[in-house]
Amino acid sequence: MAVPKKKTSKSRTSSRKAANMKTPSITLTVCKKCGEKVMSHTICKVCGYYGGKKIIEIGD
Ligand SMILES: [Zn+2]
């Protein structure tokens, strides 16, 4: 519910923000191919796989 800005105390505002800061902004998942930690919905930088398919060639 929307509350007028003046009615929310500094203490209440900062405590709410502190609680929200705890949650990580990025979600890490484990690559199914190599088991490396990767950001969700992105190609694995180690093996180049995404969703069980090879998307890019990683040459080294
Ligand atoms: Zn991988």
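In which strand is Tyr49 found? The answer, strand S3, is taken up in the third of the views below. The coordinates are those of a predicted model, in which local features need pLDDT of at least 70, side-chain atom pairs count only at pLDDT 80 or more, and totals for chains, interfaces and linings use all residues. Residues are numbered from 1 along each chain as its sequence is written, and side-chain values use heavy atoms, with hydrogens and water left out.

**View 1. The whole protein chain, with its secondary structure and overall extent.** The protein chain contains one helix and four strands, where helices (H or I, at least four residues) and strands (E, at least two) are DSSP runs numbered from the N terminus, and their order along the sequence is α-β-β-β-β. The radius of gyration is 20 Å, whereas a compact globule of 60 residues would have one near 10 Å; this quantity is taken over C-alpha atoms, and the globule rule is 2.2 Å times the number of residues to the power 0.38. Along the principal axes, the C-alpha trace spans about 60 × 20 × 15 Å. Buried residues account for 8% of the 60 residues in the protein chain, with buried meaning under 20% relative accessible area, exposed over 50%, and partly exposed in between (1.4 Å probe, protein chains only).

**View 2. Helix H1 and the position of Ser11.** Helix H1 covers residues 10-21, and its end C-alpha atoms are 16 Å apart, in agreement with the 16 Å that its twelve residues should span at 1.5 Å a residue; the expected span is 1.5 Å times one less than the number of residues. Of these twelve residues the number buried is zero, so H1 lies largely in the open. Ser11 is found in helix H1 and is exposed, with a relative accessible area of 52%. Between Ser11 and Lys37 there are 37 Å in space, C-alpha to C-alpha, at a separation of 26 residues in sequence.

**View 3. Tyr49 in strand S3 and the lysine over its ring.** Tyr49 is partly exposed, with a relative accessible area of 22%. Lys33 lies over the face of Tyr49, at 4.8 Å from the ring centre, by the rule that NZ of Lys or CZ of Arg is within 6 Å of the ring centre and within 35 degrees of the ring normal. Tyr49 and Lys32, 17 residues apart in sequence, are 8.4 Å apart in space, C-alpha to C-alpha.

**View 4. The zinc ion and its four cysteine donors.** The zinc ion is coordinated by the SG atoms of Cys31, Cys34, Cys44 and Cys47 at 2.2 to 2.3 Å; donors are N, O and S atoms within 2.8 Å of the metal (3.2 Å for Na, K and Ca), and sites may look incomplete because water is not among the atoms. The four donor atoms subtend angles of 105 to 117° around the zinc ion, which makes the arrangement tetrahedral, a term that requires all angles of four donors to lie between 85 and 135 degrees. In sequence the donor residues are spaced C-x2-C-x9-C-x2-C. Cys31, in the loop between strand S1 (28-30) and strand S2 (37-39), and Cys47, in the loop between S2 and strand S3 (49-50), are 16 residues apart and link distant parts of the chain. Cys31 counts as buried at 8% relative accessibility, and Cys47 also counts as buried, at 15%.

**View 5. His41 and its backbone angle.** His41 is found in the loop between S2 and S3, and its phi is near 65°, a positive value in a residue other than glycine. At 70% relative accessibility, His41 counts as exposed.

Technical notes
Tetrahedral: all angles 85-135°; square planar, octahedral: opposite > 155°, others 65-115°.
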